[in-house]
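Subject: Structure handed over, with notes

Dear colleague,

I am passing on the structure below, and I would be grateful if you could read it alongside the notes that follow. They begin with a question and then move outward from there.

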Amino acid sequence: MTNTSSISGGPGSASLGSERLGSENLGSGNLGSGATGRDPGNDAGALHTTGFPPRARFSFALRNGDTLDLGARTLIMGIVNVTPDSFSDGGQHASPAAALAHATRLVAEGADLLDIGGESTRPGAAEIPAAEQVRRVVPLIRDLVARCPATPLSIDTRSADVARAAVEAGAAIVNDVSGLVHDPAMAATVADLRVPAILMHMRGTPTDMRERVDYDDVVADVVRELGQHLDAARAAGIEHLIADPGLGFAKTSDQSAALLAATPRFRALQVPLLVGPSRKSFLALATGEREGDPATTRLAATIAASALAAALGAHILRVHDVQACGDAIRLADIVRQSPGSTSAASIPPEWTSRDGAARMARRPSTA
Ligand code: PMM
């Protein structure tokens with residue numbers, strides 16, 4: 001199992017709040033200012049031997065006293081949809097026992113976080129009443145808090161009532177695909193619950209979002225609109241915020257690809273970035289799949305998109321296939337941290353422990 005060293009502390013540990021901790025290269029010993037003559041903590045001015053954009057570090061205090069460290073390595077969020085109709089895994093984990101088995105398997109495969117959802121947001125999906133979402137997700141959250149206490153859980157919902165019930169059952173983070181705007185009570189509820197929030201960009205609702213893809217400049221528009229949602233969340237009193245460009249939500253395939261390429265531009269928002277490419281339809285740009293092919297046809301493209309997002313500086317990747325994507329994400333981190341042959345030794349082995357990727361990285365290259 002992958003060591004979850006980014007989640008630390010526990011009751012009694014020092015709370016670091018939402019400090020921004022400089023860039024990931026600080027303290028890694030491999031790209032000090034002596035090597036470049038510049039301040040590696042200064043995102044704008046740092047010279048990058050690897051050519052990869054820097055990634056700011058953040059530390060979020062969680063409700064249970066643990067600390068979520070973001071940016072030292074890419075965190076992997078495993079998807080657990082307790083829905084009969086999600087686009088790629090609907091119905092697969094709908095029974096409580098199946099959902100629990102799936103979630104614990106994702107943790108064993110290396111998920112740092114789990115995202116639990118009781119409402120599909122696939123294009124055209126109808127809204128699920130809060131009471132039904134609660135019925136689907138709360139028993140699973142209770143079971144997971146008992147079974148996997150070190151793994152923070154996020155609740156994927158647009159409903160304030162569901163967010164409250166999930167957090168009271170033990171969820172640590174609220175993930176709202178509407179950027180906290182769908183339910184007028186959501187921002188105040190998250191502020192009251194004192195949990196971090198993931199604000200994803202979308203326009204409209206799953207019912208009409210396919211018609212809402214008219215952007216002047218998709219990257220600039222999404223960054224600006226997400227910035228407005230972040231400002232509103234801060235004004236409501238939410239301390240810890242994560243942004244998400246919302247690949248596939250009110251985006252054409254080309255727009256999703258452009259947003260993935262523009263991952264470094266989201267640093268302007270000055271919050272951690274989550275990216276969710278997993279099994280999304282824009283990947284069909286690469287797979288050439290036909291109508292009716294299963295979403296698993298997109299596994300290789302999902303792995304590639306996950307590695308690209310990690311290499312480009314995303315803090316969290318939200319994926320269905322934790323084991324396969326995790327290998328690619330860990331490799332991206334190794335490459336990010338490797339400006340030259342001397343760098344591999346500076347990677348803490350626990351970052352890459354699942355199958356000895358760090359040990360392999362230290363072996364002389366035969367390529
Ligand atoms: N995608 C889906 C659902 N929730 N949340 C965030 N933050 N980002 C996403 O990209 C996202 C999400 C849709 O995918 P699924 O139905 O497979 O979960």
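Which residue is the bridge partner of Ala-197 in strand 10? Please keep in mind that this is a predicted model. The partner of Ala-197 is Leu-241, and the two strands concerned, strand 9 and strand 10, run parallel and are joined by 4 bridges. Between them the chain passes through helix 6, and the resulting β-α-β crossover is right-handed.

The sheet

Strands 9 and 10 belong to an open sheet of 8 strands, paired in parallel, whose order is 10-9-8-7-6-5-12-11. Strand 10 (241-244) and strand 11 (274-275) are at the edges, and since each has a single partner strand, one side of each is left without a neighbour in the sheet. At the strand 11 edge, the partner is strand 12 (residues 316-319), which runs parallel to strand 11 and is joined to it by 2 bridges; there, Leu-274 stands opposite Ile-316.

Although strand 10 is an edge strand, its residues are buried: Leu-241 and Ala-243 point one way, while Ile-242 and Asp-244 point the other way. This fits the general pattern, as side chains in a regular strand alternate between the two faces of the sheet.

Helix 6

What does helix 6 pack against through its buried residues? They pack against helix 5 (186-193), strand 9, strand 10 and helix 7 (253-261). The buried residues themselves are Val-218, Val-222, Val-223, Leu-226, His-229, Leu-230 and Ala-233, and because they cover an arc of only 130° around the axis, they are on the same side of helix 6. The face turned away from that buried side carries Ala-220, Gln-228, Asp-231 and Ala-235, which are exposed.

As for the length of helix 6, its 18 residues should span 26 Å at 1.5 Å a residue, and the C-alpha atoms at its ends are indeed 26 Å apart, which agrees. After helix 6 comes Gly-237, which has a positive phi near 105°.

Two backbone angles to look at

Most residues other than glycine have a negative phi. Arg-194, however, has a positive phi near 55°, and so does Ala-250, with a value near 55°. Arg-194 lies in the loop between helix 5 and strand 9, whereas Ala-250 lies in the loop between strand 10 and helix 7.

Are these residues buried or partly exposed? Arg-194 has 14 other C-beta atoms within 10 Å and is therefore partly exposed, while Ala-250 has 23 within 10 Å and is therefore buried.

Elsewhere, and overall

Asp-66, in strand 4 (residues 66-70), counts as partly exposed because it has 18 C-beta neighbours inside 10 Å. Asp-66 and Pro-152 are 86 residues apart in sequence, yet their C-alpha atoms are 9.0 Å apart in space.

For the protein as a whole, there are 11 helices and 12 strands, and 48% of its 367 residues count as buried. Among the contacts with a separation of 6 or more, 67% are between residues 24 or more positions apart.

With best wishes

How values were computed:
Residues are numbered from 1 along each chain as its sequence is written. This is a predicted model: local features need pLDDT of at least 70, side-chain atom pairs count only at pLDDT 80 or more; totals for chains, interfaces and linings use all residues. Two strands pair if DSSP finds at least two bridges between them. The expected span of a helix is 1.5 Å times one less than its number of residues. A residue is buried if 20 or more other C-beta atoms lie within 10 Å of its own, exposed if 12 or fewer, and partly exposed in between; C-beta atoms are placed from the backbone. The arc is that of the directions from the helix axis to the C-beta atoms. Two residues are in contact if their C-beta atoms, placed from the backbone, lie within 7 Å. A crossover is right-handed if, with the strands pointing away from the viewer, the path from the first strand over the helix to the second runs clockwise.
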